[in-house]
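Hi,

Here is the structure we talked about. Please have a look, then read my notes below.

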Amino acid sequence: SLLSNTEKLTKKAQRGLSAKQAMAREYTEADRSPVFPANGNRDPNDADYQKMAKNGFADWKLEIGGLAEKPASFTLAELQQMPSRTQTTRHDCVEGWSAIGSWQGVRLADFLKRIGADTRAKYVWFGCAEGYSNTIDMATALHPQTQLTFKFADAILPRKYGYPMKCRMPTKLGFKNPKHIIALYVQNNDAGGYWENQGYNWFSGL
Ligand SMILES: Nc1nc2c(c(=O)[nH]1)N[C@H]1C(S)=C(S)[C@@H](COP(=O)(O)O)O[C@H]1N2
Ligand SMILES: [Mo]
């Protein structure tokens, strides 16, 4: 508990020290890494996910929960119709590799507005196929570079990178960027995450 209190302090201190919304560097298309690694789950070994895959993900729906006024679930088509932007940023994995890529998608902040999320809540939790998960703080959720992502390098997001949807947040290490997302909850409790629960630093970023 001493360690976890210290981490809480670190979280606050890091947030306090960095500029109000520190921006990750954005690169040009020419800077894209010729080979972009895929890491962790590439094709979720999960019955529901594989069932949806057989049907071209026509049945995929993002489940929304927690502190949101309009917590409807969304189909892929509905999400893809929202205004999108491109970011070309660097992804850093704790396993010792970095790569620059371009991702297209919807600002998570815009999406949270659309679902009437209570942005005074402390956290956003992501649930993924195969049980991967992440919790991020609201400041990161509202960060202008945090993106619900549907495309990589101008093409539909390949399954190994998180199809049908990942959340790209270039201000955080790779493991904080969830792939194959199936649920999003706005909440006040820190539900941790797959790697965080195994001792990876919770904050892991700017
Ligand atoms: N669902 C899910 N998301 C995940 C992972 C995973 O195993 N499952 N691995 C994480 C790690 S450690 C990294 S580095 C990135 C890799 O993303 P990429 O495959 O698009 O390069 O995804 C992160 N998100
Ligand atoms: Mo990673």
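**The ligand site**

Ligand 1 takes up the space of the largest pocket. Please keep in mind that this is a predicted model.

Start with the shell. Ligand 1 has 19 residues around it. The closest are P37, N39, N41, N177 and K179. By class, the shell holds ten nonpolar residues, six polar ones and three charged ones.

Next, the polar contacts. Three of those closest residues are worth opening in the viewer:

- N39 works through its backbone: an N or O atom there lies 2.9 Å from an oxygen atom of ligand 1.
- N177 also uses a backbone N or O atom, placed 2.7 Å from a nitrogen atom of ligand 1.
- K179 uses its side chain, with a polar atom 2.7 Å from an oxygen atom of ligand 1.

How much of ligand 1 does the protein bury? Taken alone, ligand 1 exposes 530 Å². The protein buries 98% of that area.

**One residue in a strand**

Now turn to Q147. This residue is found in strand β7, which covers residues 147-152. Is Q147 buried or exposed? Its relative accessible area is 2%. The cut-off for buried is under 20%, so Q147 counts as buried. The side chain of Q147 also has a polar partner: it reaches the backbone oxygen of W103 at 3.2 Å.

To recap, look at the pocket of ligand 1, then at the pair formed by the Q147 side chain and the W103 backbone oxygen.

Best wishes

Note on methods. Residues are numbered from 1 along each chain as its sequence is written. Chains are lettered from A and ligands numbered from 1 in the order in which they are written. This is a predicted model: local features need pLDDT of at least 70, side-chain atom pairs count only at pLDDT 80 or more; totals for chains, interfaces and linings use all residues. Side-chain values use heavy atoms; hydrogens and water are left out. A residue is near a molecule or strand if one of its heavy atoms lies within 4 Å of it. A polar contact is a pair of N or O atoms within 3.5 Å; within protein, one must be able to donate a hydrogen and the other to accept it, and residues adjacent in sequence count only if both atoms are side-chain atoms. Accessible areas come from the Shrake-Rupley method with a 1.4 Å probe; for residues, only the protein chains shown count as cover. On a 1 Å grid over the protein atoms alone, a cavity is a set of points where a 1.4 Å probe fits but cannot get out, and a pocket is an open set with protein on both sides within 12 Å along at least five of seven lines; lining residues have an atom within 4 Å of a point. A molecule sits in a cavity or pocket if more than half of its atoms lie within 2 Å of its grid points. Ala, Val, Leu, Ile, Met, Phe, Trp, Tyr, Cys and Pro count as nonpolar, Asp, Glu, Lys and Arg as charged, and the others, Gly among them, as polar. Helices (H or I, at least four residues) and strands (E, at least two) are DSSP runs, numbered from the N terminus. Buried means under 20% relative accessible area, exposed over 50%, partly exposed in between (1.4 Å probe, protein chains only).
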